[in-house]
Amino acid sequence: MRIAPFFLIAAFAFEALAEPSPSFDHSLWDRWLKRHVRDGLIEAEALPTDARSLDAYLTQASRFPKESFSGMDREDRIAFLINVHNAAMVRSMIHSRLSQTDRAAKEAWKPLPPDKTAVDLFGREIAAGAMADEMLLRTFRDERIHAALFRGWPSGPALRGEAYRGAEIDRMLDEDARRFVNDPERNRIEVGARKIYLSPVFQEHARDFIMNYGTLETFRKFSVAEMALLSFLAHYADPAKRAYLEEGRYRIQYLRREGGRKEALHRVS
């Protein structure tokens with residue numbers, strides 16, 4: 001009985017000596033977002049005038065050692081990669097706008113595509129799209145991440161007005177998924193309609209939902225990928241929309257990246 005206190009003291013001493021998980025400071029990106037993003041939209045004047053803090057943030061991220069990243073908690077790694085991806089996409093929007101003449105500036109109000117937006121990370125250059133697919137989605141298998149990745153499309157997820165934080169990543173991703181699914185500008189799910197109009201994000205990544213989302217009997221007329229996608233949508237939809245989705249009495253149509261309902265019907269196999 002007298003030995004127990006010794007083990008308790010040793011355990012506390014070991015815990016005190018253990019090094020904390022590595023961390024990364026996202027405050028530059030957080031301040032930029034809080035200064036320039038309102039309701040998911042970037043204020044126009046921010047693009048040509050406030051690029052230095054974005055450059056500083058992305059430079060800071062490019063110098064973060066891979067060993068330190070690997071030692072971070074899972075939640076902190078997810079937050080880090082989403083933040084860097086989104087900052088890179090916004091920075092490409094600024095470059096795109098600045099490279100245009102004044103006459104063409106309004107038409108340039110969009111970033112370069114993710115596969116053409118370069119990110120310097122861990123000693124190599126990687127496209128933002130490849131970083132999202134390989135380092136985020138395939139590694140962490142969390143479909144909610146799709147609702148957090150800024151792509152610059154009117155029909156894509158809105159840009160969150162604050163940096164992601166590892167300690168709150170689960171709550172933040174839940175909020176993003178629910179907001180994206182129920183946003184009528186990005187996913188037009190009208191109760192009683194014969195068609196639903198979904199973001200092209202879901203068209204391009206429908207198969208990502210197969211692993212974690214089951215299927216409902218009413219979804220049997222759809223492909224396997226669409227059944228999983230509809231299960232995800234129903235999980236995060238508002239109650240009335242959820243009941244309508246679970247009935248399965250509609251067809252799926254995908255919006256253009258630029259928005260609108262004229263895109264031809266596409267099925268995801």
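At 30% relative accessibility, Glu168 counts as partly exposed in this predicted model. Its side chain makes a good starting point for a first look at the structure. Glu168 forms a salt bridge with Arg171, and the closest N and O atoms of this pair are 2.4 Å apart. Arg171 is likewise partly exposed, at a relative accessibility of 36%. The residue sits in helix α8, which covers residues 169-181. Once its neighbours within four places in sequence are set aside, Arg171 is in contact with Arg160 and Arg165.

Arg165 leads on to another charged pair. Its side chain meets that of Glu162 in a salt bridge, with an N to O distance of 3.1 Å. With a relative accessibility of 28%, Arg165 counts as partly exposed. These pairs belong to a wider arrangement: a network of salt bridges links Arg160, Glu162, Arg165, Glu168, Arg171, Glu175, Asp176 and Arg179. In the structure as a whole, 15 salt bridges are present.

A further salt bridge can be found in helix α2, which spans residues 27-36 and holds both Asp30 and Lys34. The two residues are four positions apart, or about one turn of the helix. Their closest N and O atoms lie 2.9 Å from each other. The partners differ in their surroundings: Asp30 has a relative accessible area of 16% and therefore counts as buried, the limit being under 20%. Lys34, by contrast, is partly exposed, with a relative accessible area of 46%.

With these charged pairs in mind, the overall layout can be described. The protein chain contains 11 helices and six strands. Of its 269 residues, 48% are buried. Among contacts in the chain with a separation of 6 or more, 65% are between residues 24 or more positions apart. The chain exposes about 14500 Å², and carbon and sulfur atoms supply 52% of this area.

Two of the strands deserve a closer view. Strand β3 (residues 118-121) and strand β4 (residues 124-127) run antiparallel and are joined by four bridges. Within this pairing, Val119 has Ile126 of β4 as its bridge partner. The two strands form a hairpin, with two residues between them. One residue of the turn is Phe122, which lies in the loop between β3 and β4.

The backbone of Phe122 also merits attention. Most residues other than glycine have a negative phi. Phe122 has a positive phi of about 55°, although it is not a glycine. At a relative accessibility of 19%, Phe122 counts as buried. A second residue other than glycine with a positive phi is Arg141, whose value is near 50°. Arg141 is located in the loop between α7 and α8. Unlike the buried Phe122, Arg141 is partly exposed, with a relative accessible area of 46%.

Helix α7, made up of residues 128-140, includes Met135. This methionine counts as buried, at a relative accessibility of 15%. What does Met135 contact beyond its neighbours within four places in sequence? The partners are Leu81, Leu121, Phe122, Arg124, Ile126, Ala130 and Phe140. Phe122, the turn residue of the hairpin, is thus one of the contacts of Met135. Ile126, the bridge partner of Val119, is another. Met135 can also be placed relative to Ile78: these residues are 57 positions apart along the chain, yet their C-alpha atoms are separated by 9.0 Å.

Strand β3 appears once more in the description of a pocket. The second largest pocket has a volume of about 240 Å³. Its lining consists of 14 residues, and those that lie nearest its centre are Leu58, Arg91, Ala118, Val119 and Asp120. Where does the lining come from? Helices α4 (52-62) and α6 (74-98), together with strand β3, each supply at least two of the lining residues. Val119 therefore has two roles in this account: the residue is paired with Ile126 of β4, and it is among the residues nearest the centre of the second largest pocket.

Methods. Residues are numbered from 1 along each chain as its sequence is written. This is a predicted model: local features need pLDDT of at least 70, side-chain atom pairs count only at pLDDT 80 or more; totals for chains, interfaces and linings use all residues. Side-chain values use heavy atoms; hydrogens and water are left out. Buried means under 20% relative accessible area, exposed over 50%, partly exposed in between (1.4 Å probe, protein chains only). Contact means heavy atoms within 4.5 Å. Accessible areas come from the Shrake-Rupley method with a 1.4 Å probe; for residues, only the protein chains shown count as cover. Two strands pair if DSSP finds at least two bridges between them. A salt bridge is a side-chain nitrogen of Lys or Arg within 4 Å of a carboxyl oxygen of Asp or Glu. On a 1 Å grid over the protein atoms alone, a cavity is a set of points where a 1.4 Å probe fits but cannot get out, and a pocket is an open set with protein on both sides within 12 Å along at least five of seven lines; lining residues have an atom within 4 Å of a point. Grid points are joined across faces, edges and corners, and a volume is the space filled by probe spheres set on the points.
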